[in-house]
Amino acid sequence: MWNAGRETSSPGTELSENQAKKEKEKLIKELQLITEERNDLRDRLRFLTERSMKNRPHFRPNPYYEDLERMEEAVMSILHNLEMENTEVHENNHKLKKEITFSR
């Protein structure tokens, strides 16, 4: 009689609670493993990207790269000079047009 007021859980709910706990523990362990793997991969990526290109084992310098850089600098210098000259010619042309217009 003293047990009549108590609610007892059925065996089905106990089983599902145990299954839920086991599933929760399984998912927590899986999440921890995935997090560790992600951190490891992130560290490896950071290590690889921070190393200089010359220290990489698969890096082979292109023998023509320095020549190409020098040629690019020369071309860019010529381009800059031509742009400056073009600006000066344009300004002189504009001044001459003003003088011609003024003298008429």
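These questions and answers cover the helices, exposure and salt bridges of a predicted model.

User: What kind of model is this, and how are residues numbered?
Analyst: The model is predicted: local features need pLDDT of at least 70, side-chain atom pairs count only at pLDDT 80 or more, and totals for chains, interfaces and linings use all residues. Residues are numbered from 1 along each chain as its sequence is written, and side-chain values use heavy atoms, with hydrogens and water left out.

User: How many helices and strands are there?
Analyst: The protein has 2 helices and 0 strands. Both terms refer to DSSP runs, numbered from the N terminus: H or I over at least four residues for a helix, E over at least two for a strand.

User: Why is arginine 46 called partly exposed?
Analyst: Its relative accessible area is 41%. Buried means under 20%, exposed over 50%, and partly exposed in between (1.4 Å probe, protein chains only). So arginine 46 is partly exposed. Aspartate 43, at 44%, is partly exposed too. Across the 104 residues of the protein, buried residues make up 0%.

User: What makes arginine 46 and aspartate 43 a salt bridge?
Analyst: The N to O distance is 3.4 Å. The rule asks for a side-chain nitrogen of Lys or Arg within 4 Å of a carboxyl oxygen of Asp or Glu. The pair therefore qualifies. Both residues lie in helix 1 (residues 11-50), 3 residues apart, about one turn of the helix. By this rule the count comes to 3 salt bridges.

User: Which salt bridges does arginine 70 form?
Analyst: With glutamate 66, the closest N and O atoms are 3.8 Å apart. Those two residues lie in helix 2 (residues 65-103), 4 residues apart. With aspartate 67, the N to O distance is 2.8 Å. Aspartate 67 and arginine 70 are about one helical turn apart, because 3 residues separate them in helix 2. Salt bridges that share partners join Glu66, Asp67 and Arg70 into one network.
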